[in-house]
Structure formats: structure tokens, C-alpha cells
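Opening the notebook on a new model today. I'll jot things down in the order I look them up.

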Amino acid sequence: MTSIIRPRLFITFQMSSQFIRSLKRVFDLDYQDIPACLSHEQILSRIRANPPNAILFPATAKIDKEVISAAGDKLKMLAAFSVGYNHIDLKECKKRGIPIGYTPGVLTDTTADSAITLLLATSRRIAEAMRTVRNGEWGTSSDMMWMCGKPLINSTIGIVGLGRIGLAIARRLQPFSIQRILYSGTREKYFDSDKDKKLFKFVQFEELLHESDFVIIACALNEKTANMFNKKAFEQMKNDAILINIARGGIVDQDALYDALKNGQIRAAGLDVTVPEPLPTDHPLLTLENCTIFPHIGSADEYARHQMAQICVDNLLNFFSGKPMVHQLQIDKL
């Protein structure tokens, strides 16, 4: 809560006009009214020129100590247009007592949909097949196994992190006649139905790697999970296993992944998240036919993005009117 009568809000990305209109009623706005992304230096420059009382930003904007310090004592709140918070310096926010609003919950279904899309695109070699059409290679092979992919039927699915999104992915996979779902994480889940009890099995990470035909990363990025998919992890996976990452790029050691894909240690990988983002066009992973990469579009459907925007607006309006935010990140519990 703050006593500022007309607070200043800096928005680092382009928003729909309906949300801008809502915010203009309360805030003096400094916002990005064109699609181009602001660089870190541009964000710093705008903040230094006119320090805001609040900043509204997406997951692509790094809100580090430098940004927070540039805003100084005028900064009262951060509004993240994201579920994740790895792009925010939480220690600095805690030190300065700056609360953070964010947008959990609304991305579960759209991210799970995207995970299935990426899994199918990777396992059925969709990007590779599309290139053969464009390159005139369609119909030039007599091999009966040409463009064949890895089937889901009777497969074992490994999900690292069976939270809301992980469970939503699992539910979407069941109609594909999969055999079982192994999952690892901080604790075992409890299911009511006998069908679920037979389908889901809680295992250690190493067993999941050893037994799974498809491994889906759906866990949070933290000190324990950073680079957990490294050379050792890939050596424990099946040679025909497929890895899917829709969580955070930092969970995968990309150099080790490149080697595993190049050397046939695993069959293929599908990534919606990388380090860095965007991935440079000359990155080695982009040279591999067995690596499908999406541009971090896990939440890219219109309904989800509008829901996220509305939560951000409500978080801001509530905070500056002395009400609880709709969703406030509990920094002390992290």
C-alpha cells in the first residue's frame, strides 16, 4: 500500500489498449507502445530519466539489482506478467521491502497444450518433414520407414515435476494409450481412483531417466534443478528416448544436450525454453535435425495472455488503493 496520489507506472512491453485505458485512470504511464522489445539498457535509461513507483514487465525483462537500484526509493511495487520469477532479483526485493505481483494459475492449460504440441512435433519429426516438402525431397525416397517417428502408444512417460502443469500434461497424454507415467519431485502425490494409482508411479530421478521413453521437464528452476539434465543424466536415458522441456532453459545443460543428440545418446529433444532467449541463430542446437525448438510460446494463446494482463492490472490497482493483490509472490517462503 502507498499514499501516492497519482503513481507513475513504467510498462516495458506493448499491451492491448483496453488494459492501458484501465491503468491510465489511476497511473501516469510511461509505456512501450510499439512491438519492439526494450533492451536492458533501454529499460535502465527510461527508469533513470524518470523513476517509476511501479514497473510492469514480462518474463523477457531482467529486473536485477541494477534496475531496482536505478528506481531507488520511489519504487513501491513490481508487477510481473509471468508465472516464473527467475528474471527478478528476489533478494534485492526482499531487502528493500518491494512486493511482487505475478500471474499464477492461468497458464496451466495453455502450457500443457503446448507441451503436447511440442512432444508430437518432436516425436513425429514435423519440422524435419516440413523441410523435405519445401526442399523438394517429398517422394524421392523408396524407404518404407522414411520420416517415421516414435509412437506414444504403450510408452512410458517420465514427468519431472508433477505440479499443476505436469499433471495437466499427464491427463492430456492418457488418450494416447500410454502404458504408465513415472514422476519424480519433492514428494509423492496421492490419487483417489484405482486407475490413477495404477497409472502413476513416484520414482527417483535416476529410475525415471532409465525407464522412460519420453521425459518431460515440468519442474521449477532452482538451485537443485539447475543443469540437472547434464552429461550424466543423458547417459542414464534410453538411446531412443525423447526429451521435452517446457519449464526453464536453465534446467538443461545445453552443451551436454547437443553432444547427446549429436552422438545418438538420446533420440531427440523438443525445447520451448532455452538459455539464452532468444537463442542465437548460430547456436549449435539449431544445426541438428533431431532438435525441435519453439520460441517460448508455452502461454501463447489469446485467452491466457488476456487473463495474465487482467491479473497484472488488478494487482496494480489493488496495491495502490490499499487492497491485497490478487496474486502476490510470497518471497519469504521461497
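How many helices and strands does the chain have? I get 12 helices and 12 strands, where helices (H or I, at least four residues) and strands (E, at least two) are DSSP runs numbered from the N terminus.

**Ground rules**

Note to self: this is a predicted model, so local features need pLDDT of at least 70 and side-chain atom pairs count only at pLDDT 80 or more, while totals for chains, interfaces and linings use all residues. Residues are numbered from 1 along each chain as its sequence is written, and side-chain values use heavy atoms, with hydrogens and water left out.

**Whole chain**

I checked the overall dimensions next. For 334 residues, a compact globule would have a radius of gyration near 20 Å, and the chain's 22 Å agrees with that. That radius is taken over C-alpha atoms, and the globule rule is 2.2 Å times the number of residues to the power 0.38. Along the principal axes, the C-alpha atoms fill a box of roughly 70 × 50 × 35 Å.

Of the 334 residues, 48% count as buried (under 20% relative accessible area; exposed is over 50%, partly exposed in between; 1.4 Å probe, protein chains only). The accessible surface comes to about 17300 Å², with 51% of it belonging to carbon and sulfur atoms; I'm using Shrake-Rupley areas with a 1.4 Å probe, and for residues only the protein chains shown count as cover. Among contacts (heavy atoms within 4.5 Å) between residues at least 6 apart in sequence, 63% join residues at least 24 apart.

**What the record says**

I pulled the UniProt annotations, both from an unreviewed entry. One is "domain: D-isomer specific 2-hydroxyacid dehydrogenase catalytic", placed at residues 17-328. In the model that span is 36% helix and 14% strand, and its end C-alpha atoms lie 25 Å apart. The other is "domain: D-isomer specific 2-hydroxyacid dehydrogenase NAD-binding", covering residues 116-298. Here I find 30% helix and 15% strand, with the end C-alpha atoms 10 Å apart. Caveat: UniProt positions are in the numbering used here, feature names are shortened, and annotations may be inferred rather than shown by experiment.

**The sheet**

In what order do the seven strands of the open sheet run? I read β8-β7-β6-β9-β10-β11-β12, with parallel pairing (two strands pair if DSSP finds at least two bridges between them). β8 (200-202) and β12 (291-293) are the edge strands, each pairing on one side only. From one strand to the next the twist averages 15°; axes are lines fitted to C-alpha atoms, for helices over the stretch in contact, and angles run from 0 to 180 degrees between N-to-C directions.

I then looked at what packs on the sheet. Helix α5 (residues 108-123) touches β9 (214-217), β10 (242-245), β11 (268-271) and β12, and its direction makes about 150° with that of β10. Helix α11 (residues 254-262) lies across β10, β11 and β12, at about 140° to β11.

**β6 and its neighbours**

β6 (residues 156-160) pairs with β7 (residues 180-184) over five parallel bridges. Ile157 stands opposite Ile181, and Tyr183 is the bridge partner of Ile159. Why is β6 largely enclosed by the rest of the structure? Because five of its five residues are buried. Thr156, Gly158 and Val160 cover one side, and Ile157 and Ile159 the other.

Helix α7 (residues 164-173) has Gly166, Ala168, Ile169, Ala170 and Leu173 as its buried residues. They pack against α5, β6, β7, β8 and β9.

**β10 and β11**

Four parallel bridges join β10 and β11, with Asn245 opposite Leu271. Both faces of β11 are covered: Ala268 and Gly270 are buried on one side, Ala269 and Leu271 on the other.

**Two single residues**

Is Leu199, in helix α8 (residues 194-199), buried or exposed? Buried, at 10% relative accessibility. Leaving aside neighbours within four places in sequence, Leu199 is in contact with Gln174, Gln179, Arg180 and Ile181. Its C-alpha atom is 8.3 Å from that of Leu182, 17 residues away along the chain.

Glu128 sits in helix α6 (residues 126-134). It is buried too, with a relative accessible area of 17%. With the same sequence neighbours left aside (within four places), I list Met147 and Glu289 as its contacts.
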